Amino acid sequence: HLFRWGGQQMKLGFITDTHINAEGAPIWAGVDSLAHLNRVIDHLNGLELDAVVFGGDLADAADLADDAHAHAMYRAAMPAFERIAAPLLPIPGNHDRHDLFLSYLDKYRSGDHGPDLSYVRELNGWRLIMLDTVEPGQIEGSITDFSVEWLAELVQANPDQPTLVFAHQPPFSCHDDPALDMRFDNAEPLEEALSGCTGLKGIFSGHYHRLIDWQWRGVPYHVAPSTAAQFPHPAWGEERNLPKYNVPGFQIIDLGAEDISVETVWLGTNPFAATTAA
């Protein structure tokens with residue numbers, strides 16, 4: 001996918017939805033999510049990257065686990081995350097707990113911090129907006145009024161600056177049929193805050209464990225695959241959360257002087273190659 005505008009060169013890795021279990025144990029009837037994550041990191045470390053963005057859901061259901069079990073998920077994941085050679089920029093997912101996410105990952109959240117766990121990082125002339133869209137206990141995404149105000153002020157201060165936005169949940173519709181979306185609770189104020197960002201070049205998220213390319217107001221955005229396993233598209237008549245595709249995936253975002261390209265990398269057979277469905 002290639003889009004042209006003009007900007008400074010930079011290359012990012014984007015990984016999301018690692019779903020690491022306590023002690024690194026398998027998840028979902030045999031998915032070795034920790035081994036998959038380590039394979040992805042080996043690949044990333046072989047590239048010259050300016051940063052690696054992590055899109056959330058480090059833990060597998062730490063939001064539902066008892067404290068000891070939840071801590072064990074993060075402890076199992078951290079040796080792998082600490083191997084990432086490029087600077088790491090993390091945001092939480094709905095399966096993370098805000099308090100534990102901060103305990104283990106706050107040292108990586110470099111930049112100007114906003115409300116909740118949102119922050120912004122300036123890198124090579126780019127503004128990387130890292131949005132916390134997690135409402136504790138909820139699968140669907142949302143954004144607080146404080147974060148909306150912070151985001152609007154940030155955009156208004158320099159609306160033309162080349163900008164990428166990262167959020168765990170896709171903040172806007174990414175299907176022709178709204179029934180196939182996981183509803184974002186309050187997209188309208190987020191849309192209004194971003195509407196003045198003339199430098200917005202892309203929106204990136206995870207959460208779906210599928211590969212989706214869509215647009216919002218002419219701005220391309222990408223739902224990246226999981227490093228653990230992929231879920232079938234709900235329109236295919238299969239169980240929505242069945243991890244049918246035991247193949248890790250991630251994305252490389254190449255920001256050139258004249259264009260942006262987004263490459264999806266599969267460490268195995270592309271599980272969606274046989275269909276054109278998003």
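This report walks through a few features of a predicted model: a sheet, a pair of helices and two residues.

**The sheet**

A good place to begin is the open sheet, which has seven strands in the order S5-S6-S7-S8-S9-S11-S10 and mixed pairing. Strand S5 (112–113) and strand S10 (212–216) stand at its edges; each has a single partner strand, so one side of each is left without a neighbour in the sheet. As background, strands of a sheet pair through backbone hydrogen bonds, in either a parallel or an antiparallel sense.

At one of these edges, S10 pairs with strand S11 (residues 219–223) in the antiparallel sense, over five bridges. If you would like a spot to look for, find Trp 216, which stands opposite Val 219 in S11. A helix also packs on this sheet: H4 (residues 145–157) touches S5, strand S6 (119–123) and strand S7 (126–131). The direction of H4 makes about 175° with that of S7.

**Two packed helices**

Next, turn to helix H2 (residues 67–81) and H3, which pack together with their axes 11 Å apart. How are H2 and H3 oriented to each other? The angle between them is about 30°, and angles under 35 degrees count as roughly parallel, so H2 and H3 are roughly parallel to each other. Their crossing is right-handed. On the H2 side, Ala 70, His 71, Tyr 74, Arg 75 and Met 78 take part, and they meet Leu 100, Phe 101, Tyr 104 and Leu 105 in H3.

**Two residues to visit**

Just before H3 comes Arg 97, in the loop between strand S4 (88–90) and helix H3 (98–105). Is Arg 97 buried or exposed? With a relative accessible area of 19%, Arg 97 is buried, because buried means under 20%. The side chain of Arg 97 makes a polar contact with the side chain of Asp 67, at 2.7 Å. Beyond its neighbours within four places in sequence, Arg 97 is also in contact with other residues, including Ala 70 and Tyr 74.

The second residue, Asn 38, is found in helix H1 (residues 33–45). Asn 38 counts as partly exposed. The C-alpha atoms of Asn 38 and Leu 211 are separated by 21 Å, and the two residues are 173 residues apart along the chain.

Here are the two residues side by side, with contacts that leave aside neighbours within four places in sequence.

| Residue | Relative accessibility | Contacts |
|---|---|---|
| Arg 97 | 19% (buried) | Ala 62, Asp 63, Ala 65, Asp 67, Ala 70 and Tyr 74 |
| Asn 38 | 23% (partly exposed) | Ala 80 and Arg 83 |

Notes:
Residues numbered from 1 in each chain as written. Predicted model: local features only at pLDDT ≥ 70, side-chain atom pairs only at ≥ 80, totals over all residues. Heavy atoms only, no water. Helix = DSSP H or I, 4+ residues; strand = E, 2+ residues; numbered from the N terminus. Buried < 20%, exposed > 50% of the residue type's maximum accessible area, 1.4 Å probe, protein only. Polar contact = N/O pair within 3.5 Å; in protein donor to acceptor, adjacent residues only side chain to side chain. Contact = heavy atoms within 4.5 Å. Pairing = 2+ DSSP bridges. Axes fitted to C-alpha atoms, helices over the stretch in contact; angles between N-to-C directions. Parallel < 35°, antiparallel > 145°, perpendicular 65-115°, else oblique. Left-handed = near helix turned anticlockwise from the far one by under 90°.
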